[in-house]
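Let's take a walk through this protein together, one piece at a time. Have a look at the picture first, and then we'll start with a small detail.

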Amino acid sequence: MNKNTTPKFLLIIIFHMFIITSLIAQPKPPLGYKWEVVTELSDEFDKWDEKKWYKPMWNYGVPVQMIAKNSGVSKGKLWIKATHGSDRKRWFQTSRVQSKEQIKYPMYTESRIRTAHISAYNTFWMNNGDASNRDEIDIIENNSNPSCNCQPDFPWQMNSQYFITVDKNNDRANGNFDNRKLSPNNPLRGKKWNEAFHTVGVWWIDKNTIQFYLNGEPTRKVTTKRNFTRDLNLVWDLWTKDVPWLGGLANKKDLRNDNINTMYVDWVHTYKLKRSKTSPSVKLGSTLVVEAESFENTGGYFNDRFTGGPGKKVKNNGTDINFVNKGDWVEYALDIPTPGRYAIEYKISTIIANGAEIAFVLNGNKITNVVVPNNNSWSNYKSLSGGVVKLSSGRHTIKLVASGSNDWQWNLDKFILKRKK
Ligand SMILES: [Ca+2]
Ligand SMILES: [Ca+2]
Ligand SMILES: [Ca+2]
């Protein structure tokens with residue numbers, strides 16, 4: 001390689017690393033699941049895709065007037081522009097873009113947005129289109145330039161909230177967050193909404209739980225009182241109103257300034273949760289055999305690197321797990337075909353005389369904890385009863401924890417779940 005090609009080559013590598021990072025920005029899915037892109041609700045906005053998006057014309061209160069020509073796609077961005085119209089009452093001409101498809105929990109969506117720098121709500125939200133009976137998740141309603149002198153934090157405040165409305169009666173709460181509270185190494189910490197593109201998102205976890213995200217970090221988690229029940233559209237719009245909670249009315253002269261009157265959306269990425277593989281297991285009639293080494297996750301706090309171990313976790317030894325220290329754990333996702341009471345049996349081995357134990361944890365609840373007896377070997381696997389667990393049918397997370405007090409615990413070949421008659 002000569003001097004001219006080296007930097008370019010490096011730049012290409014760095015560029016690709018950046019792309020990969022931005023593609024895997026969604027949060028870690030629950031064990032046994034993965035995120036799958038919802039094409040109908042995802043777009044890089046390289047062109048206007050009429051199969052995905054349309055422009056609903058319903059208005060907010062005065063002075064807002066929705067018009068189709070104030071939004072579009074160009075130069076890789078969706079844009080929504082506010083201009084000054086001639087109508088005396090509805091002089092704030094703007095636009096709205098909405099998805100044709102709808103979606104419901106569990107899902108994750110995120111969008112990269114820079115606000116117009118006028119006193120208006122720059123929004124990215126979800127709604128089913130009936131104001132009187134609706135589920136609504138406002139990922140952002142951001143105003144980077146409030147006119148009212150009453151919202152000093154708005155240039156950094158992520159305004160997020162939900163509504164569950166029944167016959168005009170609201171259940172609602174906000175999940176606001178100040179971007180100056182992002183972690184210190186986040187390059188977008190403290191950047192105003194109009195100064196940079198920010199990635200805002202929501203993980204709609206279940207019928208009562210939403211978790212908002214900003215620039216790759218979780219912000220506020222909100223629990224609803226009523227249940228979410230509806231499928232929702234994605235929406236972006238830009239609107240003003242002469243009220244303090246929005247930050248005050250837009251200045252008319254700002255609407256004639258093309259440098260500040262437009263919000264930009266670089267992209268939107270939306271995902272559904274899809275079941276991934278379960279930990280490999282063998283079904284023998286009413287018996288389920290799970291190889292210890294088929295774990296999906298491991299962790300711990302004891303650093304065993306000084307002995308050649310893998311660090312703060314167990315080692316997958318190919319046919320078993322070893323380097324198991326106190327506090328180390330392994331997790332498995334299992335589909336239980338038939339509900340019932342199951343006997344737990346470990347194929348386990350240890351040379352530790354005192355302080356080797358194993359705990360069985362089901363979906364976060366400890367079920368049993370047993371002492372592992374010394375058999376003077378790390379690899380002469382013996383049967384050990386782990387008690388009985390009651391299992392409903394369907395997917396479960398099973399966590400085995402090295403729960404004894406000794407630094408070194410045991411090695412495990414497999415565990416067996418046998419349904420009791
Ligand atoms: Ca784009
Ligand atoms: Ca270890
Ligand atoms: Ca094994």
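## A small hairpin to start with

Find strand β21 (residues 281–284) and strand β22 (residues 287–291): they pair in the antiparallel sense, and 4 bridges hold the pairing. Within this pair, valine 282 sits opposite valine 289 of β22. The two strands make a hairpin, with 2 residues between them. In that turn you'll find glycine 285, which has a positive phi of about 60°.

Keep in mind as you look around that this is a predicted model.

## Stepping back: the whole chain

How many helices and strands are there in the protein chain? There are 1 helix and 32 strands. Along its principal axes, the C-alpha trace spans about 90 × 70 × 40 Å. The chain has 421 residues, and 38% of them count as buried.

The chain is divided into two parts: domain 1 covers 29–275 and domain 2 covers 281–419. Taken over C-alpha atoms, the centres of domain 1 and domain 2 are 46 Å apart. Now for the contacts in the chain: if you take those between residues at least 6 apart in sequence, 72% join residues at least 24 apart.

## Two open sheets

One open sheet has 5 strands in the order β23-β26-β31-β28-β29, with antiparallel pairing. Its edges are β23 (297–299) and β29 (365–371); each has a single partner strand, so one side of each is left without a neighbour in the sheet. From one strand to the next, the twist averages 20°. Zoom in on one edge and you'll see β23 paired with strand β26 (residues 329–336) in the antiparallel sense, over 3 bridges. There, asparagine 297 has glutamate 331 in β26 as its bridge partner.

Another open sheet has 7 strands, again with antiparallel pairing, and its order is β2-β8-β19-β10-β11-β13-β14. The edge strands here are β2 (53–54) and β14 (169–174), and each pairs on one side only. Inside that order, strand β8 (residues 96–99) and strand β19 (residues 233–239) pair in the antiparallel sense over 3 bridges. One bridge to look for links glutamine 98 with valine 235 in β19.

## A strand covered on both faces

Is strand β5 (residues 77–81) enclosed or open? Here 5 of the 5 residues are buried, so β5 is largely enclosed by the rest of the structure. Both faces are covered: Lys77, Trp79 and Lys81 are buried on one side, and Leu78 and Ile80 are buried on the other.

Now look at the partners of β5. Strand β4 (residues 71–74) pairs with β5 in the antiparallel sense over 4 bridges, and glycine 72 has tryptophan 79 in β5 as its bridge partner. β4 and β5 form a hairpin with 2 residues between them, and lysine 75 in the turn has a positive phi of about 50°. β5 is also joined to β20 by 4 bridges, with the two strands running antiparallel. In this pairing, lysine 81 is matched with threonine 262 in β20.

## The nonpolar cores

The largest nonpolar core holds 53 residues, and the members that touch the most others are Ala82, Ala120, Ile137, Ile139, Val200 and Val202. Which strand gives the largest share of this core? That's strand β20 (residues 262–275), with 5 residues.

Let's pick out alanine 120. Leaving aside neighbours within four places in sequence, alanine 120 is in contact with Ala82, Asn143, Leu238, Trp239, Thr240 and Ala250. There's also a second, separate core of 32 residues, including Tyr342, Ala356, Ile398 and Ala402.

## One last stop: tyrosine 60

Tyrosine 60 has its place in the loop between β2 and β3 (64–66). Why does tyrosine 60 count as partly exposed? A residue is buried with 20 or more other C-beta atoms within 10 Å and exposed with 12 or fewer; tyrosine 60 has 17 C-beta neighbours inside 10 Å, so it counts as partly exposed.

Leaving aside neighbours within four places in sequence, tyrosine 60 is in contact with Trp239 and Lys241. You can also compare its position with phenylalanine 154, which is 94 residues away along the chain: the C-alpha atoms of these two are separated by 21 Å.

Note on methods. Residues are numbered from 1 along each chain as its sequence is written. Chains are lettered from A and ligands numbered from 1 in the order in which they are written. This is a predicted model: local features need pLDDT of at least 70, side-chain atom pairs count only at pLDDT 80 or more; totals for chains, interfaces and linings use all residues. Two strands pair if DSSP finds at least two bridges between them. Axes are lines fitted to C-alpha atoms, for helices over the stretch in contact, and angles run from 0 to 180 degrees between N-to-C directions. Domain bounds come from an automatic or database domain assignment. Two residues are in contact if their C-beta atoms, placed from the backbone, lie within 7 Å. A nonpolar core is a set of buried Ala, Val, Leu, Ile, Met, Phe, Trp, Tyr and Cys residues joined through C-beta atoms within 7 Å.
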